[in-house]
Amino acid sequence: MKRIALLKNPVQEYSWGSRTFIPELLGEPSPSVNPMAELWMGAHPKGISQVLWDGTWVSLPDLIQQDPENILGAEAARKFSNQLPFLFKILSAAMPLSIQAHPDLHQARRGFAEENRLRIPLDAPARNYRDGNHKPEILCALTPFEALKGFRKADEVLVLLDRAPVPSLETPIRLLRKNRTPQGVAGFFSTLLALAADDRKRAISELIMDGERMASSDPVFPWVVRLHQWFPDDMGVFAPLLLNLIHLEPAEAIYINSGELHSYLQGAGVELMANSDNVIRAGLTKKHTDVPELLRILRFEENQGGIIKPQARNRSEWVYPSPAKEFVLSRLSLEKGVPYHERRRKSLEIMICTQGNAEITDVPTAAPLPVSRGSTFLVPAMVKEIVMQGDATFYKAAIPGEGLTKPR
């Protein structure tokens, strides 16, 4: 029996998704008929991967429950109650995702229990909490990638507002000048979200008038103009003035913590997160928004964005450091004639090949698995040693923990 197993994964067809990147990665017709926004690799109820196990396709959650210690690993099974703790994705955005934040663990458990008490169906559009878990996440760019992440310093916000004046917001801007703290930014942000429809339209019109004029001199303002084209009556067009505009080159990453306001604007990337789909939205969407709940979970601390560069673990593997307890992301770059070994393995890994061709071998059984661009596969904990050879690039999702993997 082949213990390194191929995966078959669901695709989420959200409206903001690209019609080219994911189908081309998977070797499918491009452009696709519908947007292909996210490829999900994991065990979340909303999108469950199938595993080719002993010649039969079985769901990943069922496989784990059959033998959690041999699939997840003894330490991981004990720590995460026989559940896969992460969700692995390919994300491809042709237009911006909503401005959003994710709850911390306490907030998620409270919100999930309360919405269950109110008997709000799990699939109801107005539901905020679809599970009781938090959702820290890391995104690593596969193409040039643009994002908004974390609040700017109050002084930076004021400089941008001076460059594109919004006279109808004179009073809240004056209050921000007097209180240039995270609390002042919180007050200004809350005021924007609470504007009546006519006041909102007036403020947006004033911003766009100068935003178009400034578009050639500052990368913030082209995004203001683009957001207005997509969402003409949405206060989210102010987001590039309030949040850090981040540009990632391929292989660079960002980490999104609980309560951190963000929006992925454009590009494709690998995304790894705790196994949750809890999203509280503020704007740039036609989906349900819940401003009071968003303000309860947001953190307004000044944040400079923090681009993550990978750290070399050996000649072939680079690890993206993060504080997450549920996952660790790494990139494998294989060269012909330079095999990559993992010995004394102790936990599950999921990998996706994003470029090239290679072969991965379960050393104790000498069972090889050829893989190519778009292949995804599961390496269960029962496989104690693997070797990978070829000319290819992989991204790997693993469970952190002492001594879980010993590569050489």
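**Pockets, cores and cavities in a predicted model**

The largest pocket of this predicted model has a lining of 33 residues, and the ones nearest its centre are Asp 131, Gly 132, Asn 133, His 134 and Asn 275. The space inside the largest pocket comes to about 840 Å³. Several parts of the chain help to build the wall: β4 (43-44), α2 (60-66) and α5 (105-117) each put at least two residues into the lining of the largest pocket. The largest share comes from α2, with 3 residues. Sorted by class, the lining of the largest pocket holds 13 nonpolar, 10 polar and 10 charged residues.

Next in line is the second largest pocket, with a volume of about 610 Å³. Its lining has 31 residues, and Tyr 14, Trp 16, Ser 98, Arg 281 and Lys 287 sit closest to the centre of this second largest pocket. Here a strand takes the lead: β14 (residues 262-274) gives the most to the lining, namely 4 residues. The class count for the second largest pocket is 12 nonpolar, 7 polar and 12 charged residues.

Now for the spaces that are closed off. Searching the whole structure turns up 2 cavities of 30 Å³ or more. The largest cavity holds about 110 Å³ of space. It is lined by 14 residues, of which Ile 99, Phe 189, Leu 193, Met 235 and Gly 236 are the closest to its centre. At least two lining residues come from each of α8 (182-194), α11 (239-242) and β15 (280-283), and α8 has the largest share, with 3 residues. What is this lining made of, nonpolar, polar or charged residues? The lining of the largest cavity divides into 11 nonpolar residues, 2 polar ones and 1 charged one.

The second largest cavity has about 30 Å³ of space. Its lining can be listed in full: Pro 125, Arg 127, Asn 128, Val 279, Ile 280, Arg 281 and His 288. By class, that makes 3 nonpolar, 2 polar and 2 charged residues. Arg 281 has turned up before, as one of the residues closest to the centre of the second largest pocket.

What about the packed parts of the protein? As a rule, nonpolar side chains in soluble globular proteins tend to be buried together. In this model, the largest nonpolar core contains 63 residues. Those with the most contacts inside this core are Phe 86, Phe 88, Ile 90, Ile 350, Phe 377, Met 388 and Phe 394. Phe 86 makes a handy example. Leaving aside residues up to four places away in sequence, Phe 86 touches Leu 272, Met 273, Ala 274, Asn 275, Glu 326, Phe 327, Leu 348, Ile 350, Ala 397, Ala 398 and Ile 399. Two of these names come up elsewhere: Asn 275 is among the residues nearest the centre of the largest pocket, and Ile 350 is listed with Phe 86 among the core residues with the most contacts. Another core lies apart from the largest one; this other core has 48 residues, including Leu 207, Trp 223, Phe 238 and Leu 298.

Then there are the cysteines. A disulfide is a covalent bond between the sulfur atoms of two cysteines. How many disulfides does the model have? The count comes to 0. Cys 140 is in no disulfide, as the nearest cysteine sulfur, that of Cys 353, is 15 Å away. Seen from the other end, Cys 353 is in no disulfide either, and the nearest cysteine sulfur to it is that of Cys 140, 15 Å away. Cys 140 counts as buried because its relative accessibility is 0%. Cys 353 also has 0% relative accessibility, so Cys 353 counts as buried.

Finally, a few spots in the backbone deserve a look. The peptide bond running from Ser 30 to Pro 31 is cis, with omega near 0°. Pro 31 belongs to the loop between α1 (21-26) and β3 (38-41). Asp 54 is not a glycine, yet it has a positive phi of about 55°. Asp 54 sits in the loop between β6 (50-53) and β7 (56-59). Is Asp 54 buried or exposed? Asp 54 counts as exposed because its relative accessibility is 55%. Ala 366 is another residue other than glycine with a positive phi, in this case near 60°. The loop between β20 (349-362) and β21 (367-372) is the place to find Ala 366. With 56% relative accessibility, Ala 366 counts as exposed.

Conventions: Residues numbered from 1 in each chain as written. Predicted model: local features only at pLDDT ≥ 70, side-chain atom pairs only at ≥ 80, totals over all residues. Heavy atoms only, no water. 1 Å grid on protein atoms, 1.4 Å probe; cavity = no way out; pocket = protein on both sides within 12 Å on 5 of 7 lines; lining within 4 Å. Points joined across faces, edges and corners; volume = space filled by probe spheres on them. Nonpolar A, V, L, I, M, F, W, Y, C, P; charged D, E, K, R; others polar. Disulfide = S-S within 2.5 Å. Buried < 20%, exposed > 50% of the residue type's maximum accessible area, 1.4 Å probe, protein only. Core = buried A, V, L, I, M, F, W, Y, C linked by side-chain atoms within 4.5 Å. Contact = heavy atoms within 4.5 Å.
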